There are 2 protein chains.
Amino acid sequence: MARATISDVAAAAGVSQATVSRALRGSANVSPATRAKVEQAAEALNFTLSKSASTLASGRTMRVLLLVSGPLNTWFNASVLQGVYDVLAPEGYDTIPAFVTNREQLDRFFRDLPRDRNADAIIITSFEFDTALHDQLSALGMPVVGLNSPSTAGFDASIGIDNAAAITSGVQLLRSLGHRRIAFVHDYIPHDMVYGTSTRVAAFRTAAAQAGYGDDDIVMIGADHHDTTPAMLDATAAGIVARLLSCEQHPTGIMGETDEFTAAVYKKLRRQHLAAPRDFSIMGFDDAPVSRTLDLTTLHQNPVALGNAAARKVLALLRGEAPERTHELVPATLVLRETTGRAPNGR
Amino acid sequence: MARATISDVAAAAGVSQATVSRALRGSANVSPATRAKVEQAAEALNFTLSKSASTLASGRTMRVLLLVSGPLNTWFNASVLQGVYDVLAPEGYDTIPAFVTNREQLDRFFRDLPRDRNADAIIITSFEFDTALHDQLSALGMPVVGLNSPSTAGFDASIGIDNAAAITSGVQLLRSLGHRRIAFVHDYIPHDMVYGTSTRVAAFRTAAAQAGYGDDDIVMIGADHHDTTPAMLDATAAGIVARLLSCEQHPTGIMGETDEFTAAVYKKLRRQHLAAPRDFSIMGFDDAPVSRTLDLTTLHQNPVALGNAAARKVLALLRGEAPERTHELVPATLVLRETTGRAPNGR
DNA sequence: TTGTAGGCGTTATCAA
DNA sequence: TTGATAACGCCTACAA
């Protein structure tokens, strides 16, 4: 038997198609009796509304795009997806993941997007837009919400963690523990794209200065390219540790841009038979699973919650309401674990 | 300006709507000249086909469902999603993730699914179907492909790793290293659902027997409930280690059902100042990131590749072709790292 | 290779 | 509260 259509249900229930549509969507202005009749008929015919037909007729696609930077199978991105999904699914929206890993893909994505009215809104994670992108963005005609983007420019709403405040608390911790010289180790920073985490580098500089560290007391060491494989990350970490330890007076307090990156550095340090917090203190950022595994002190953020919040803002925007808070900044809090402690004597 | 429709393009290009449709979909039987004209007109009008309208008219949704067990933000599930996405996206298909964590949700998912013709195919990851589900499944009328499912029953095609062979190689390793007594530690096994990884438990029993281990030489220790949070996993691991070490002659060779679970156990063991491979050997399963972090010997599988393969089978099925291999079993190979070695003396 | 025209299954507007 | 009916934007025989 062919699938039932709305008119089959209408016939079975003895009402019009319009009434079936109203009843099944839980719309107001349907008498309880009628609604019950319709629901029964639909049930009997094993009928549900076709999403495609609804979409076409209403102009609403019931889909929201989630654009993340980098692969989907990272802790952060997957968690954001989970968070977005959790609030969107009950509302009947599909979450459609998409990702870009470099500028070229990003441009292509936006070039194709406006021509493609196949989503009602878009959530953009972890990177910023320059003017060019900004223009295309506004041409989209759909709500755009940012998640952990370096700035709020171009977004109808946004949610993100307060990187600067978090980094400051981390620096303060190291200072409290007596570390005279501190370092920040970070991943490659591409010139053509601004990532959410990139702001942490600048934040460290600022925080360190404010905490009283002189220029000679802070060292910044970055990777010179993106590390896509574990083996490459490993090599990069080795290089960074080499530079770290060959400073004439090496820093004893180390902060990393992300837990993953920090973990790689930490492992290399241990391979030199240096131990934390005996010989140095090290802390990551994110509170990703790897930080638990290694008992790494870190700065906690909750990407699932961020995803939830972003999705809620999308929902509000879609309803034509203003989100409770348009641009929201949530704290990332210090999680003390085993890799930080009093600075070694004599340093 | 309102969005252009296909008839605007037709008018601009001086052809019929049908020709525009054919040209834009890359269909055959369109002269290069006409195609060029159409493409130009579409470009000028910033036009692309509406997915919803196409779907409605053609009956094809260009969407495939990916049903995973457990949250999306696990290494395995996120990687499968990535893998599926990678091959489906270029073909114009959206990947729509969905997940269920228990039997009730699973039932609900399938109860709603047939009434909801909003996907062309479905990929089901990591669990099996009993007869009841099987029936609903075939009523779906769309291709169903399995990924790491315990059996191939009910699937039009499937891909998975050979758990039994992998477990066997692990057991052989422990035997070669001289471990007289071996243990298998595993997560909770619910009674109402069969997971892909559950088969590893039985596989261990079989492999151990075949390798010559007597009943007294193998110990199986499982969790008695699912551990959803890190803290709970931690507690469970503590209980397991307690049982492990309180055996009158405790096993020195340990295999775990998954890397994550194994890592939790390993950490607890270390907290007792036991070291691998000095005091015991331990190996995980999956080659998840945590196994690298801890230098854990493990059995490698590649969920991204599994996702790729599953998606390719979907594509073939959707084209009405038979996949190159309908039911495929790929090996999971032993990765030697630092946590396995010769059994301690005198054991 | 291209055009014609009916239909895909809803939603939304307007009356009743 | 309910019913007619005209969109919604494209696909696909079928015909030319």
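**Strand pairing and helix packing in chains A and B**

In chain A of this predicted model, four strands are arranged as an open sheet in the order E7-E6-E8-E9, and their pairing is parallel. The edges of this sheet are held by strand E7 (218-222) and strand E9 (281-283) of chain A, each of which has a single partner strand, so that one side of each is left without a neighbour in the sheet. On average, and with direction ignored, neighbouring strands of the sheet are turned by 15° against each other.

Strand E8 (residues 253-256) of chain A is joined to E9(A) by three bridges in the parallel sense, and within this pairing A:Ile254 stands opposite A:Ile282 of E9(A). Helix H8 (residues 163-176) of chain A packs on the sheet, where it touches strand E6 (182-186), E8 and E9 of chain A, and its direction makes about 165° with that of E8(A). Helix H10 (residues 230-245) of chain A, in turn, lies across E6, E7 and E8 of chain A and runs at about 160° to E7(A).

In chain B, strand E4 (residues 144-147) is covered on both faces, with B:Val144 and B:Gly146 buried on one side and B:Val145 and B:Leu147 buried on the other. Strand E3 (residues 121-125) of chain B runs parallel to E4(B) and is joined to it by four bridges, while strand E5 (residues 157-161) of chain B pairs with E4(B) in the parallel sense over three bridges. The buried residue B:Gly146 takes part in both pairings, since it stands opposite B:Ile124 and has B:Ser158 as its bridge partner in E5(B).

Notes: Residues numbered from 1 in each chain as written. Chains lettered and ligands numbered in written order. Predicted model: local features only at pLDDT ≥ 70, side-chain atom pairs only at ≥ 80, totals over all residues. Heavy atoms only, no water. Buried < 20%, exposed > 50% of the residue type's maximum accessible area, 1.4 Å probe, protein only. Helix = DSSP H or I, 4+ residues; strand = E, 2+ residues; numbered from the N terminus. Pairing = 2+ DSSP bridges. Axes fitted to C-alpha atoms, helices over the stretch in contact; angles between N-to-C directions. Contact = heavy atoms within 4.5 Å.
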